[in-house]
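Visitor: I have a model to look through. Please take me around it, one question at a time.

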Amino acid sequence: MPLDLTRPHTVRSWLLACSLVCALTAPHVAIALHQPATATPPAEPASLPASQPGSQPGPQPGTDAAEAPSDPRINPETGRKVANWPKARHFDHLHMRLDLIFPDLSKPELTGVMTLRAKAQGRTRATMVLDSRGPKIESVTVGGIQATFEVADGKLRIELPRPVPMDEEVTVVLRYSLDYAANRGEGLTFSAGKPDGKGPTEQSTQIHAQGQAELNSRWFPCHDFPNERLATELVVTLPASTDEHPWEVVSNGRLESKVQNPDGTTTWHWNQALPHPPYLVTLGIAKFAVIDIGGPTSARPGLPMPIYVPIGTEEKAVVVFEDTARMVAFFEKLFDEPYPWDMYAQVCVRDFAAGGMENTSATFLMVSAATSAPGSQDDLIAHELAHQWFGNLITCKSWEHLWLNEGWATFAEALWAEEEERQNHPDDPAMARNAYMRSIAQAAQGLRRNNRATAPRFTAMVSNRYSDPERVFSKMDNPYSKGALVIHMLRQRLGDNAFFTGVRLYVDRHKFGTVETDDFRRVLEEVSGQSLEHFFESYALRPGLPKLAIDLAWESGSSTLTIAAEQTQTIDRFNPAYALSLPIVVELEGGGQARTVLEFSERTGRVTLALPARPTDVRIDPDITCLAAVTKRTPLPRAKKPEPEGGGEPASP
Ligand SMILES: [Zn+2]
């Protein structure tokens, strides 16, 4: 998803924000944008101490449990594990057509007909259950026969007129109406026209969708979880515009037709023929200006790249988005996978609850993006574009594995920063590397400052302990910034050749599929020959980071430098010492360098170097191969260039 402006963001783009869910460098602010989902666990263990008000009740006095602090992994009243598991898929959803009629665009109301083709999975099925948290269902037919149904607790339960054997397809047709006046960034949002607005776009109604995390079931019934993929069509009918500015409708895929009906209405038919997860289905309605920034002379000829922006902002917006085609061409080459969808639209909408949202083939962005300073939105644009591969073509199976979407999109911001410098300064590779490392170091900075997490009180980046899927996007072990750092560290460990070979294999193997963290690890192990389970356990499956205190001792008589490191983070049975391989660069008087790697898997480690000259500076892990918060407890005497806490500055050219 895009970044949420209310939450601090990671990399350079924190000012821009990207999906509902991006990362933060500023002090952690968790603001619930959406109503909590139903049927969630009782506690909020994701990033709060168990003792915090509102968390689980503590053990009862006089019981054995009263002797021990409550464990946030378990509801102490019931003993039930606090966890979210992927939803079962009793039907494989193949295709959905949604016919929507907006009878009056001054009101947040619509009528809908949903036609769903699905195949029974596993065994004969007598019922079909869909998520439905808003539609008022009027009738259901299955194979043309009226079916009985009930809606309770956000679920639509359909009794099938006859049992459907495994692998047999059924067609379900649902008629419903919807009043979405109360929605703000959840499902469909209605923005009334402002009579004093800046131009025709703001003076008119606007409607936009936001599906992530589990919000699209607020405007159409669906399997509202990322472990489903289906082709979708949206057929949308609107009344005629009453002024000279026509309505525009944008959705996923390709615009098959736009038809003027005899009654004065207009019908847009959008077709997303390749399967995608339900949360990426989108819809935007407004009096937009539409400009295609693609075309035969673009860096990516053949791909339509319309921007939908407020009327009057066209000139500025074209400049803001002008690098999109170069980014598409770059990512296609780097991932060795053609851009997957029929178009790449970027749609600027008002009342948007986040910075951007990577809906399949049609990213939605905050309206201010259209009039931003040239270049200022490049991180956001690169982030949302990268999601078209990482998130949309390959989708996390559950929110537990969200970093495979958001970590990748955030990492792609650094990749584009590197590529842009490479294109601007082809003769100076150090400039590209420095731009890349600045982006990575900025993400690391926020993690070092904010992350003091330990197990089991806090949850790891990869964890199914959360009370609301929205919270996963802003947790302490942030899937954006920490996810990007994990991917960066893997690049460091494997080297570019093995790393990008692995990435291409990962894309090839899992495209149009869902992925778990282990899928990514296994591919990288396969291409590199490395064993990465310990690394993933340390940085993806446990919360927090190493904290290192470094003591430096120079003996001029023997010309030796001793570098001692101590892990000062919590070490206990849940949080053992990390196994670290810390690259160290020693700058020498006269201009030379010495390098070593300090390896240790205990609380402390040390290495002694015999040096040909006096050390002037010691840089701990300058390329961030082992993300840690580093402090020089005992610096070099009279060091000429004291290192800022945490290291990680770009290597000197
Ligand atoms: Zn994102």
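Visitor: Over which residues does pLDDT stay under 50, with 190 contacts beyond four places in sequence?
Guide: This is a predicted model, so confidence comes first. Where pLDDT is low, the predicted coordinates should not be read in detail. The stretch with 190 contacts beyond four places in sequence is residues 4–63.

Visitor: How many contacts beyond four places in sequence does the model have for residues 646–653?
Guide: Here too pLDDT stays under 50. The number of such contacts for residues 646–653 is 25.

Visitor: What pLDDT does the protein chain average?
Guide: Of the residues, 87% score at least 70. The average over the protein chain is 90.

Visitor: Which strands stand at the edges of the open sheet of 8 strands?
Guide: The sheet has mixed pairing, and its order is 5-4-8-2-1-11-14-13. An edge strand has a single partner strand, so one side is left without a neighbour in the sheet. The strands that fit are strand 5 and strand 13.

Visitor: Take the strand 5 edge. Which residue of strand 5 is the bridge partner of Val142?
Guide: Strand 4, residues 136–142, pairs with strand 5 in the antiparallel sense. There are 2 bridges between them. The partner of Val142 is Ile145.

Visitor: At the other edge, which residue of strand 14 is the bridge partner of Leu255?
Guide: Strand 13 covers residues 254–260 and runs antiparallel to strand 14. The two are joined by 6 bridges. Leu255 is partnered by Trp270.

Visitor: Which residue in the turn between strand 13 and strand 14 has a positive phi?
Guide: These strands form a hairpin, with 5 residues between them. The phi in question is about 95°. The residue is Gly264.

Visitor: Strand 14 has another neighbour. How many bridges join strand 11 to strand 14?
Guide: Strand 11 spans residues 230–238, and strand 14 spans 266–276. They run antiparallel, and Leu230 has His276 as its bridge partner. The bridges joining them number 8.

Visitor: Now strand 7. Which residue of strand 7 stands opposite Met128?
Guide: Strand 3, residues 125–131, runs antiparallel to strand 7, residues 155–164. They are joined by 6 bridges. Opposite Met128 stands Ile158.

Visitor: Which residue takes a positive phi in the hairpin of strand 6 and strand 7?
Guide: Strand 6, residues 148–152, pairs with strand 7 in the antiparallel sense over 5 bridges. Within this pairing, Glu150 stands opposite Arg157. The hairpin has 2 residues between the strands, and the phi is near 55°. The residue is Asp153.

Visitor: Which residue in the loop between strand 7 and strand 8 has a positive phi although it is not a glycine?
Guide: Strand 8 covers 169–179, and the loop lies between strand 7 and that strand. The phi there is about 75°. The residue is Asp167.

Visitor: Turn to the peptide bonds. Which residue does a cis peptide bond join to Gln212?
Guide: Omega for this bond is about 10°. The partner is found in the loop between strand 10 and strand 11. It is Ala213.

Visitor: What is omega for the peptide bond from Ala455 to Pro456?
Guide: Pro456 has its place in the loop between helix 6 and helix 7. The bond is cis. Its omega is near -5°.

Visitor: On to the helices. How far apart are the axes of helix 3 and helix 4?
Guide: Helix 3, residues 324–335, packs on helix 4, residues 378–387, at an angle of about 45°. The two are therefore oblique to each other. Among the residues in contact are Phe331 of helix 3 and Leu385 of helix 4. By class, the contact has 7 nonpolar, 1 polar and no charged residues. The axes are apart by 10 Å.Visitor: How many charged residues does the contact of helix 8 with helix 9 have?
Guide: Helix 8, residues 481–510, and helix 9, residues 517–528, pack at about 120°, with their axes 8 Å apart. That angle makes helix 8 oblique to helix 9. Among the residues that meet are Arg509 in helix 8 and Asp519 in helix 9. Besides 9 nonpolar and 4 polar residues, the number of charged ones is 2.

Methods: Residues numbered from 1 in each chain as written. Predicted model: local features only at pLDDT ≥ 70, side-chain atom pairs only at ≥ 80, totals over all residues. Pairing = 2+ DSSP bridges. Helix = DSSP H or I, 4+ residues; strand = E, 2+ residues; numbered from the N terminus. pLDDT = per-residue confidence, 0-100. Contact = placed C-beta atoms within 7 Å. Axes fitted to C-alpha atoms, helices over the stretch in contact; angles between N-to-C directions. Parallel < 35°, antiparallel > 145°, perpendicular 65-115°, else oblique. Nonpolar A, V, L, I, M, F, W, Y, C, P; charged D, E, K, R; others polar.
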